[in-house]
Amino acid sequence: MKDVLRKRKIEIGIVLFTIVWGILHAWFVYATGLTRLSVDQNSHLNIARLLSDSLTPGISQLGFWPPLLHIILAPFTAITPLFTSGLAGSFALVPILAAGSLCAYKIVKEFYPYEIPAIGAAALFITNPYILYYSVTPMTESLFIVSLLAVSFFLIRWIKEGKFGSLVYLGIFVALAGLARFEGFLLIPIVLTFVVLKLIRARKKYSEIEAISILFGLIATLGLGFTFIYGIAYGNGPLEFMSGQWSASSQQASLFLPTFGDIGMSLLYMFEASKLMFGPIMVPITITSAMLLVLLLSNTNRFLPFLGALTVLVSPFVFDVLALTQGSAVLYLDHLAPFDGYFNERYGLYWYGFAVLAPMLVLGLAMGRMTGILKISRYGFGTLVFVLLVGANLIFLNVTAYTDNYAIQRGSAVSTLPADQKDLAIVLGQKYDGGKIFITRALQNYVTIEAGIPLKNYIHESNDEYYAQALGAPWFYARWVIMYNPKIEGIEDWRRESERISQAWAHSENFHHAYELVYENKSERLYRLRDDVVVQVASLYGIDPALIPSLNEDIIYWDQAEFYETLQDGVSSYWDARAAREQQIATARIMNRKN
Amino acid sequence: MERPGERQFNWSNTTDYLFLSDVLSIKNYWHKETLVVAFGITIASAIFAILLAISLSTNIFVILTTIIAFIYFALVIFKVWVVKRGYDYALVDFSQDQLDAITDEELPVYSVLVPLRDEADVIPQIIEAMTSLDYPSDKIDMIIPLETYDTDTIQAIEDARPPEYMRTRIIPYITPQTKPKTLNIIFPEVRGEFLVIYDAEIIPDRDQMKKAYLGFKHNPGIACFQTRLEHYNADQNILTKLFNMEFSFHYDFFLPGLQKLGFPIPLSGHSTHFRTEVVREIGAWDSYNVAEDCDLGMRLYRYGHKTAILNSLSQEEAASSIKSWIQQRTRWMKGFIQTSIVHLRHPLHFKNQIGGWKNFIAFLVTVPGTVLINFLNLASWIILAAWLLSGSNFIQDLYTTPILYLSVTAFVIGIFLFTYLNLIGSFNRNKHHLVKYGLLTPLYWMLLAYATTRAVYQTFTNPYVWEKTEHGTHLENK
């Protein structure tokens with residue numbers, strides 16, 4: 001144990017420092033109220049919490065977003081204060097940040113034996129303000145970038161040593177990268193290509209190449225396999241994650257796409273986004289370093305591992321350029337058309353892993369080539385470059401985080417929707433006296449967190465049949481109904497159409513007979529059940545009111561199929577009896593007329 | 001109840017060459033103790049399940065699926081744990097220098113038993129394999145027992161003119177017609193300090209006996225060495241390929257894991273090396289058990305002895321037709337059931353003898369557990385298929401949410417992991433071309449489940465029948 005500690009003291013130091021650094025930043029972000037700022041952050045928290053706290057808890061609640069973040073968040077979101085504060089994200093992701101800095105360090109060490117560039121890579125990683133921000137709030141970005149770094153590390157290891165263990169870890173991290181963000185699926189063919197290339201270079205027989213490809217592929221495709229099977233089990237098919245109702249392409253269908261069909265424009269947007277995310281000097285430094293490395297390493301045995309890492313780390317950039325060109329993704333930057341604030345600017349961050357490695361690999365290479373008299377100044381030179389680069393990043397961090405308080409992130413959340421949802425949540429929290437709350441959760445993520453009511457009390461779209469039945473006759477199921485105000489303005493058509501409760505009931509007389517409006521603002525409405533009306537309806541249908549979920553707040557879970565049958569029986573009997581009565585009256589009338 | 005060391009075996013007094021007492025043999029299946037244990041467990045389980053169902057206000061079948069899910073999950077976890085420990089465990093091995101340093105003088109007499117029955121086709125191969133062994137012939141005490149009625153094999157061996165040190169011994173027709181009975185007949189004649197059994201189709205590594213000798217010399221606490229098995233006809237067809245992958249996993253990961261953890265090791269029927277005195281001490285083989293190897297492995301532990309895995313290969317022939325494979329596997333599974341019955345007659349006493357709860361649980365998992373998991377696999381596939389085809393609410397209701405997760409996790413992870421381990425097994429043995437066939441492993445398990453079902457049926461209908469594996473089919477293709 002002592003030996004391990006001594007041998008790995010720098011690695012342990014990096015991990016511990018990063019954890020402390022991450023905790024401090026988590027505290028700063030929380031104290032400035034930025035932890036749970038965006039819709040996505042709230043949504044991730046909700047999904048993770050729903051895994052354990054839902055009318056239908058379990059894997060069905062994962063939905064069609066990449067699930068890895070939700071799975072690692074789940075143990076923390078199950079603790080209510082961490083869920084409501086958003087700090088569950090910090091608890092789950094600060095260790096991931098530490099893993100990322102360790103990977104950056106170890107990757108450089110795989111190429112050069114010097115500590116300065118290796119520590120420099122780790123330092124560059126943890127001093128980027130956005131890496132830090134996305135590592136202390138519940139978002140997928142840092143998780144994805146760290147999984148890319150891990151893939152790169154094990155790919156380099158595999159190419160260098162060819163050990164089976166590295167191949168298995170490589171497969172595992174490729175699978176995890178795909179589950180962290182769907183861009184990660186692109187790694188399967190990329191990494192497989194490098195695995196095969198290495199084997200061909202080593203003049204392995206076809207049968208061995210085939211065997212290793214199968215052994216790698218089986219693990220690497222687990223994430224993709226899970227996503228397909230999940231889509232079949234809980235959606236409309238294996239590609240539900242790409243084309244379903246809540247997929248990014250559906251959400252962005254009605255948006256203006258400035259990059260559509262223009263790869264040059266897509267590149268411009270991505271580079272501009274990267275400049276925003278990396279800071280003003282890191283993009284040119286990264287590109288220059290990359291070119292230098294390609295030139296200087298091309299005839300060395302370090303070239304293939306370098307090329308592998310480069311391809312893996314830059315793959316999301318390429319993926320996003322293609323997605324922007326093809327129209328399946330959208331990226332808005334304030335200074336480019338449509339000049340309407342920021343949207344998805346974080347796409348520019350995804351290749352930051354390469355940005356921390358490239359300059360430090362150049363530094364390592366330069367230090368290695370300093371011979372003769374220059375050898376004396378090797379460490380001085382290294383330290384100077386370290387101080388300059390990390391210093392520049394620290395200045396960028398200071399301006400972005402501590403001076404501007406993440407202006408871009410705050411600017412992205414200027415819509416009135418979150419504020420209105422928060423206001424409604426406060427009213428709901430004050431007035432709530434039990435019973436189910438009917439809501440389209442994916443569109444009102446702030447409500448479920450801010451109201452402080454256990455999520456098992458909500459009927460929402462991922463409760464499937466419960467939601468479908470409540471949509472047909474909400475008064476039998478929900479004591480409370482939350483919907484968009486039909487007069488809501490400034491939202492996309494997709495959003496309006498997906499809010500099915502408002503679409504179905506906002507203008508219904510029956511609904512307004514059964515519910516009273518409790519609260520309303522520009523975006524939202526909150527209704528409460530009129531118990532007496534439903535009791536009347538129940539007696540009309542001959543159903544015991546105690547069995548009706550909306551009237552009996554003690555009913556937390558119920559068999560939806562059984563209750564639906566009871567309801568149908570009651571309704572049928574009522575209508576049969578009524579028809580019989582009407583027939584009786586009609587017959588009596590005829591008889592009377594005859595008489 | 002007989003206890004180790006309490007009885008001296010009489011090696012000549014029986015008509016069926018069974019030297020063990022009744023309680024340690026499967027000769028009489030339904031001992032009073034067996035019935036008491038079986039009924040006791042069944043009734044206690046039933047009462048427990050009914051009480052649980054009543055107290056939880058649920059269906060008895062839900063309780064049953066819950067219990068099954070936990071057992072399945074536990075079996076998967078245990079096996080994964082064992083494999084993890086065994087994956088990189090260094091087996092007992094010796095360098096060429098160490099082997100070269102052995103002088104002929106120091107080597108003890110080594111008995112080699114080669115029981116043959118209906119093996120005329122492979123006689124030249126076995127004689128070549130045995131004469132190739134790197135061990136001085138004057139120190140080899142080789143006995144080849146032949147059945148009196150098996151004239152073809154007797155003739156074939158006469159025609160082959162084996163060297164003098166290979167003694168043939170014609171044994172009388174005595175039931176049960178099993179290999180352990182044959183071994184028991186000739187065992188009193190064994191002269192060697194050590195003893196190994198080779199089947200008709202085996203080609204052991206040339207230096208295996210010397211390695212085993214060094215193994216015994218350097219490990220006085222080890223009573224038995226199990227070697228690693230390999231198939232020389234692995235490429236014959238898809239079945240032999242899958243069989244070979246299973247063996248790679250079993251002998252390279254699973255058995256070393258059992259050894260590392262100090263658990264009892266179920267032996268294989270050949271290429272197992274013993275200290276002769278130990279075999280004598282424990283009463284030799286159970287003539288009636290059709291997996292006498294597994295039984296002997298357990299009995300060794302009951303008597304306080306240990307088994308280790310020797311890093312030496314024995315090449316054997318994989319059953320190459322589905323019929324032959326099913327017959328062989330039925331016999332093995334039937335033998336596992338017989339071994340379970342014998343050793344669980346006095347469960348607590350057995351637990352104390354075998355080395356406490358840890359080893360007792362390991363026995364439960366590796367012997368009856370192997371039979372059970374094959375059954376549970378079959379049941380899981382049938383239930384899954386039935387649910388997929390019918391969408392039955394009844395089936396759905398059997399699996400409450402946590403149990404559904406537990407079952408699905410164990411089932412999916414189990415299938416993936418053990419399929420993958422089979423692939424790694426072949427990969428590690430440099431059989432790269434087999435790896436792709438490993439993807440068919442789940443189909444192979446279906447055959448296994450069928451053979452297990454057949455074994456259970458035979459346990460009641462034909463308990464002692466020895467469905468002999470056909471050897472030499474690979475020679476027909478040459």
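How many residues of chain A are in contact with how many residues of chain B? Let us start there and then visit some other corners of this predicted model.

**View 1. The interface of chain A and chain B.** Here 17 residues of chain A are in contact with 13 residues of chain B. Between them the two chains bury about 1300 Å², with 78% of that area on carbon and sulfur atoms. If you would like landmarks on the chain A side, look for Phe164(A), Leu215(A) and Leu218(A): these lose the most area to chain B, and together they account for 37% of what that side buries.

**View 2. A salt bridge between the chains.** Across the interface of chain A and chain B, 1 salt bridge is found. Its partners are the side chains of Glu210(A) and Lys436(B), with a distance of 2.9 Å from N to O. For the wider picture, the count over all chains comes to 36 salt bridges.

**View 3. A salt bridge along a helix of chain A.** Another pair to find is Lys275(A) and Glu272(A), whose side chains meet in a salt bridge at 3.4 Å, N to O. Both residues belong to helix α16 of chain A (residues 263-278), and because they are 3 residues apart there, about one helical turn separates them. An α-helix has 3.6 residues a turn, so residues three or four places apart point the same way.

**View 4. Helix α16 of chain B from end to end.** This helix runs through residues 401-428 of chain B. How far apart should its ends be? Its 28 residues, at 1.5 Å a residue, should span 40 Å, and the end C-alpha atoms are 39 Å apart, so the two values agree. Just beyond, α16(B) is followed by Asn430(B), which has a positive phi, near 60 degrees.

**View 5. Where α16(B) crosses α17(B).** Helix α17 of chain B covers residues 441-461, and its axis comes within 10 Å of the axis of α16(B), crossing at roughly 105 degrees. The two helices are therefore roughly perpendicular. From α16(B), the residues Gly414(B), Ile415(B), Phe418(B), Thr419(B) and Asn422(B) take part, meeting Thr441(B), Pro442(B) and Trp445(B) of α17(B). Sorted by class, this contact has 4 nonpolar and 4 polar residues, with no charged ones.

**View 6. A second crossing for α17(B).** Helix α8 of chain B (residues 238-261) also meets α17(B): the axes come within 10 Å and cross at roughly 90 degrees. This makes α8(B) and α17(B) roughly perpendicular to each other. On the α8(B) side you will find Leu239(B), Leu242(B), Phe243(B) and Glu246(B), while α17(B) contributes Thr441(B), Tyr444(B) and Leu447(B). The residues of this contact divide into 5 nonpolar, 1 polar and 1 charged. Thr441(B) is worth a second look, as it takes part in the contact with α16(B) and in the one with α8(B).

**View 7. A helix crossing in chain A.** Now turn to helix α8 (residues 129-136) and helix α9 (residues 141-161) of chain A, whose axes come within 7 Å and cross at roughly 110 degrees. Are they roughly parallel or roughly perpendicular? At that angle, α8(A) and α9(A) are roughly perpendicular to each other. Ile131(A), Tyr134(A) and Ser135(A) of α8(A) make the contact with Glu141(A), Ser142(A) and Ile145(A) of α9(A). By class, there are 3 nonpolar, 2 polar and 1 charged residues.

**View 8. Backbone details in the loops.** In chain A, the peptide bond from Ala337(A) to Pro338(A) is cis, with omega near 5 degrees, and Pro338(A) sits in the loop between α18 (303-326) and α19 (352-369). Chain B has a cis peptide bond from Thr175(B) to Pro176(B), with omega near 0 degrees; Pro176(B) belongs to the loop between β3 (166-171) and α6 (179-186). Finally, Ser57(B) is not a glycine, yet its phi is positive, about 50 degrees. Look for Ser57(B) in the loop between α1 (32-55) and α2 (60-86) of chain B.

Terms used:
Residues are numbered from 1 along each chain as its sequence is written. Chains are lettered from A and ligands numbered from 1 in the order in which they are written. This is a predicted model: local features need pLDDT of at least 70, side-chain atom pairs count only at pLDDT 80 or more; totals for chains, interfaces and linings use all residues. Side-chain values use heavy atoms; hydrogens and water are left out. Helices (H or I, at least four residues) and strands (E, at least two) are DSSP runs, numbered from the N terminus. The expected span of a helix is 1.5 Å times one less than its number of residues. Axes are lines fitted to C-alpha atoms, for helices over the stretch in contact, and angles run from 0 to 180 degrees between N-to-C directions. Angles under 35 degrees count as roughly parallel, over 145 as roughly antiparallel, 65 to 115 as roughly perpendicular and the rest as oblique. Contact means heavy atoms within 4.5 Å. Ala, Val, Leu, Ile, Met, Phe, Trp, Tyr, Cys and Pro count as nonpolar, Asp, Glu, Lys and Arg as charged, and the others, Gly among them, as polar. Buried area is the accessible area (1.4 Å probe) that two parts lose on being put together, summed over both. A salt bridge is a side-chain nitrogen of Lys or Arg within 4 Å of a carboxyl oxygen of Asp or Glu.
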